[in-house]
Every structure is written in structure tokens, then in C-alpha cells.
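Colleague: I should like a close look at a single helix of this model and at what surrounds it. Please explain each step in a way that a first-year student can follow.

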Amino acid sequence: MTLDKRIKQECPHGHEIHVVGRTKSGHCKACHAKRNAQRRALYPGKIRDNRRKYNQSQRGKAMNRDVHLKNQYGITLAVYDGMVRQQSGLCAICHKPETRVSSKFGGADSLAVDHDHQTNKVRKLLCHSCNVSIGLLQENPDRMRAMADY
């Protein structure tokens with residue numbers, strides 16, 4: 001939506017807002033933030049505990065992973081899962097499964113998304129060791145060849 005097509009309105013407290021800037025509650029962002037601050041002050045631990053509980057649930061973990069993949073690499077969790085299936089859950093370089101254990105969750109880490117740092121184009125999925133190796137070699141093919149020759 002372009003700026004000239006935005007419709008100006010007022011929130012219930014008389015603040016001028018744009019329709020595009022409204023939250024689901026119908027308040028402007030400033031009123032919404034103020035109301036949330038009041039709720040957090042009224043229930044100091046409840047909101048934090050509910051968020052922590054949600055983030056530890058299967059649904060919360062999947063949502064957080066999906067948001068991370070979209071923000072970082074421009075792919076969805078479904079695309080990532082498809083790549084894992086296509087690679088049979090193995091690293092694209094060493095053809096072995098991820099062996100690094102997650103300090104956060106205790107299980108094996110998921111494969112890392114390898115991407116071109118200039119174009120942000122996603123290439124393949126790599127294990128931690130291969131991903132770090134490429135990074136340390138600064139994605140330089142000449143260095144990689146020289147190292148292999150060594």
C-alpha cells in the first residue's frame with residue numbers, strides 16, 4: 001500500500017493514526033504499547049511465564065524456527081524440511097548427519113543453511129563442521145583447493 005492511499009483515522013483516545021499502522025485491537029501503536037506496559041506491570045511474571053511456556057512447546061519451537069528461517073534466509077520451515085528430505089538428512093559436503101549436540105535442547109543440532117553472503121541465495125544444508133570450515137576459508141575456492149592439495 002502506498003503512502004498516498006493510507007486513510008487517516010483516530011484511535012479511541014483521539015490520536016491520529018493511519019489504517020495501516022493499526023494493531024488488531026483497534027488502538028494506535030502508542031496506545032497499544034502503553035496498554036501492554038500496564039498489563040506487564042499488573043502481571044509481572046505471568047506474561048513472561050506464558051511466553052516461555054509457549055516457546056518451549058512444539059508449536060512455539062516450530063513458529064520460532066519458521067520466523068528465523070524467513071528473516072535470515074527468506075525460506076519457510078516447509079522449504080527447509082523439503083531440503084532436509086532431498087538431502088536425506090545429510091550434509092551436502094561430507095554426506096554425514098549432523099553430530100553436534102545442541103547445548104540448548106540436548107539433541108542433535110539441525111543442519112545449517114548454507115547461503116551466499118553477497119546475494120543471500122540459499123545453496124544447500126551443511127553440518128556444523130563443514131559450515132564453519134567454509135566460513136573460516138572465507139568461501140574462497142582457491143583457498144579450499146590449496147587446502148585440499150596440502
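Modeller: In this predicted model, helix H3 comprises 16 residues, namely residues 58–73. At 1.5 Å a residue the helix should span 22 Å, and its end C-alpha atoms are 22 Å apart, so the expected and the computed lengths agree. Directly after H3 comes Gly-74, which has a positive phi near 75°.

Four residues of H3 are buried: Gly-60, Asp-66, Leu-69 and Tyr-73. The elements that cover them include two helices, H2 (46–56) and H4 (77–86), and two strands, S3 (112–115) and S4 (122–126).

Two of these buried residues, Leu-69 and Tyr-73, are among the residues with the most contacts inside the largest nonpolar core, which has 15 residues. Ile-75, Tyr-80, Val-113, Val-122 and Leu-125 are also listed there. At least two residues of this core come from each of H3, H4, S4 and helix H5 (128–136). The surroundings of Leu-69 can be given in detail: setting aside residues up to four places away in sequence, Leu-69 touches Gly-74, Ile-75, Thr-76, Leu-77, Tyr-80 and Val-113.

Leu-125, named above as a core residue, also leads to Gln-87, which lies in the loop between H4 and S3. Gln-87 has a relative accessibility of 14%; since buried means under 20%, Gln-87 therefore counts as buried. Its side chain reaches the backbone oxygen of Leu-125 at 3.0 Å, and a polar atom of that side chain lies 2.9 Å from the backbone oxygen of Leu-90. Beyond its neighbours within four places in sequence, Gln-87 is in contact with Ala-92, Lys-124 and Leu-125.

The covering strands can also be considered through their charged residues. The whole structure holds 6 salt bridges, one of which joins the side chains of Asp-114 and Arg-123 at 3.0 Å, N to O. Asp-114 counts as buried because its relative accessibility is 8%, whereas Arg-123, at 34%, counts as partly exposed. Arg-123 also forms a salt bridge with Glu-139, with the closest N and O atoms 3.3 Å apart. This pair links distant parts of the chain, for Arg-123 is in strand S4 and Glu-139 is in the loop between H5 and helix H6 (141–149), 16 residues apart. At 26% relative accessibility, Glu-139 counts as partly exposed.

Finally, among the salt bridges elsewhere is a network that links Arg-48, Asp-49 and Arg-52.

Notes
Residues numbered from 1 in each chain as written. Predicted model: local features only at pLDDT ≥ 70, side-chain atom pairs only at ≥ 80, totals over all residues. Heavy atoms only, no water. Expected span 1.5 Å × (residues − 1). Buried < 20%, exposed > 50% of the residue type's maximum accessible area, 1.4 Å probe, protein only. Contact = heavy atoms within 4.5 Å. Core = buried A, V, L, I, M, F, W, Y, C linked by side-chain atoms within 4.5 Å. Polar contact = N/O pair within 3.5 Å; in protein donor to acceptor, adjacent residues only side chain to side chain. Salt bridge = Lys/Arg side-chain N within 4 Å of Asp/Glu carboxyl O.
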